[in-house]
Amino acid sequence: MIDQAPGDAAEQPTGELPPAMQMIQFVGGFQLSQALYVIAKLDIATQLDEGPKTVADLAEACWAQPEPLGRLIRTLAPMGVFRSLPDGTVETTPLGATLSAHRADSVRAATLYWMETHYLPFSELLHNVRTGETAATHYFGEPFFDWVVKDSELVEVQSGAMASVMGGLGAGMFEGYRLPAGEVVADIGGASGSVLVQLLENEPDRRGIVFDVPEVVPDARRHLEMKGFTDRVEVVAGDFFESVPRADVYVLSYILHDWDDDKCRRILGSIEAAAMPGARLVVVEGIVPGGDEPHFTKAIDLVMLAMLGGKERSVDEFAQLLSSAGFTLDRIVATPSPFSFIEATLRP
Ligand SMILES: C[S@@+](CC[C@H](N)C(=O)[O-])C[C@H]1O[C@@H](n2cnc3c(N)ncnc32)[C@H](O)[C@@H]1O
């Protein structure tokens, strides 16, 4: 029998797991990540788009073994990913369906990206915290982006993941948002151009530029062609630490959080060098709230720490960073998603 200290019961709200069980579930998160990765990689949720199937049929369609696959599904069902039906078939819940490839809120591409590029370097988090060296740099022997661009398939996975993050988690964020005035809009580090396409969709009089490293631009060209934007969006290859094209409005979507303050000032310095005074800047990022309030940015912050040496920022940190680089923060537009539009102007 285990003795219970006075007051223990009062600290454990009814319905919550005992602390030790809760902690073991947290620490066992690696099992859940890997199980969800297998479901995403085998494309099980996509198979269930048309309706329920037996595990045997799923296994056959996905070139998997029915016994272990059934055990994965049995583990994930009580977590709300699958539902077992009385006739012996299984179906996805709305949560599980986000791993299907064909949904607007799909996070399948982000799941593949994280698990194929982030999972192993995260094993160096202890090294990161002890030494200050970024875990992924230590793991790969070079900065993460330098490693990714060597493999064109991973580049595609990365761009697909970014589109899925903004599409899946950013649902509704572009509705009702209008960019500041300016004819030419440059999306710096724009990947496949998925954010720029959303921003320019209802703006036929504006032209756009997607700017990214040379290894990423073929994917951007393919994506813009597919979306029918090649007539008014140009794709430019380069390094934002060196220079960027001239534009009236600059978009930095999910870029600044990748870098520490000094590197961010170099990117903003490239914009300052290319732009006319009065040029507008739109930073798309999550904003870290104060206190212990849960927020998406607090989990993503560890990804930035371990993979890139960047960080998520609070309003004050954004204001200070932008001001130190010659920009005045104008306004922050919150959206129904975890992301906000942070608008600033280049000071004369
Ligand atoms: C986190 S992704 C953001 C993609 C996109 N802006 C979005 O919100 O979906 C970071 C992007 O920055 C690009 N990038 C990294 N280093 C760069 C550099 N030195 N110059 C230009 N682009 C760079 C990467 O190739 C990648 O497409």
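Which hand does the crossing of α3 and α8 have, left or right? I opened my notebook with that one, and the crossing turned out to be left-handed. A reminder to myself before going on: this is a predicted model.

**Entry 1: α3 against α8.** I looked up the geometry behind that crossing. Helix α3 covers residues 29-41, and its axis comes within 9 Å of the axis of α8, with a crossing angle of roughly 125°. The two helices are therefore oblique to each other. I then listed who meets whom. From α3 I noted Ser33, Gln34, Leu36, Tyr37, Ala40 and Lys41, and across from them in α8 sit Arg108, Thr111, Leu112, Met115 and Glu116.

**Entry 2: α8 against α12.** I stayed with α8 (residues 108-118) and turned to α12 (residues 152-169). Their axes come within 7 Å and cross at roughly 130°, which makes α8 oblique to α12. This crossing is left-handed. On the α8 side I found Ala109, Ala110, Leu112, Tyr113 and Thr117 making the contact. The α12 side supplies Leu154, Val157, Gln158, Gly160, Ala161, Ser164 and Val165. I marked Leu112 in my list, since it meets α3 and also takes part in the contact with α12.

**Entry 3: domains.** Next I checked how the protein is divided: domain 1 runs over 19-99, domain 2 over 111-159 and domain 3 over 164-346. I also looked up the distance between the C-alpha centres of domain 1 and domain 3, and it is 35 Å.

**Entry 4: the cores.** Which residues have the most contacts inside the largest nonpolar core? I got Phe144, Leu179, Leu199, Val284 and Phe341, in a core of 42 residues. Domain 2 and domain 3 each give this core at least three residues. I also noted a second, separate core of 33 residues, with Ile188, Val236, Ala247 and Leu281 among its members. Then I picked Phe144 for a closer look. Setting aside neighbours within four places in sequence, its contacts are Tyr113, Thr117, His118, Ala136, Gln158, Met307 and Leu308. Tyr113, Thr117 and Gln158 were familiar names from the contact between α8 and α12.

**Entry 5: Met304.** Is Met304 buried or exposed? I found 6% relative accessibility; the cut-off for buried is under 20%, so Met304 counts as buried. Met304 lies in helix α16 (residues 296-308). I looked up its C-alpha distance to His257: 6.9 Å in space, for a pair 47 residues apart in sequence. Not counting residues up to four places away in sequence, Met304 touches His257, Asp258, Gly309, Gly310, Lys311 and Glu312.

Conventions:
Residues are numbered from 1 along each chain as its sequence is written. This is a predicted model: local features need pLDDT of at least 70, side-chain atom pairs count only at pLDDT 80 or more; totals for chains, interfaces and linings use all residues. Side-chain values use heavy atoms; hydrogens and water are left out. A nonpolar core is a set of buried Ala, Val, Leu, Ile, Met, Phe, Trp, Tyr and Cys residues joined through side-chain atoms within 4.5 Å. Buried means under 20% relative accessible area, exposed over 50%, partly exposed in between (1.4 Å probe, protein chains only). Domain bounds come from an automatic or database domain assignment. Contact means heavy atoms within 4.5 Å. Axes are lines fitted to C-alpha atoms, for helices over the stretch in contact, and angles run from 0 to 180 degrees between N-to-C directions. Helices (H or I, at least four residues) and strands (E, at least two) are DSSP runs, numbered from the N terminus. Angles under 35 degrees count as roughly parallel, over 145 as roughly antiparallel, 65 to 115 as roughly perpendicular and the rest as oblique. A crossing is left-handed if the near helix is turned anticlockwise from the far one by less than a right angle, and right-handed if clockwise.
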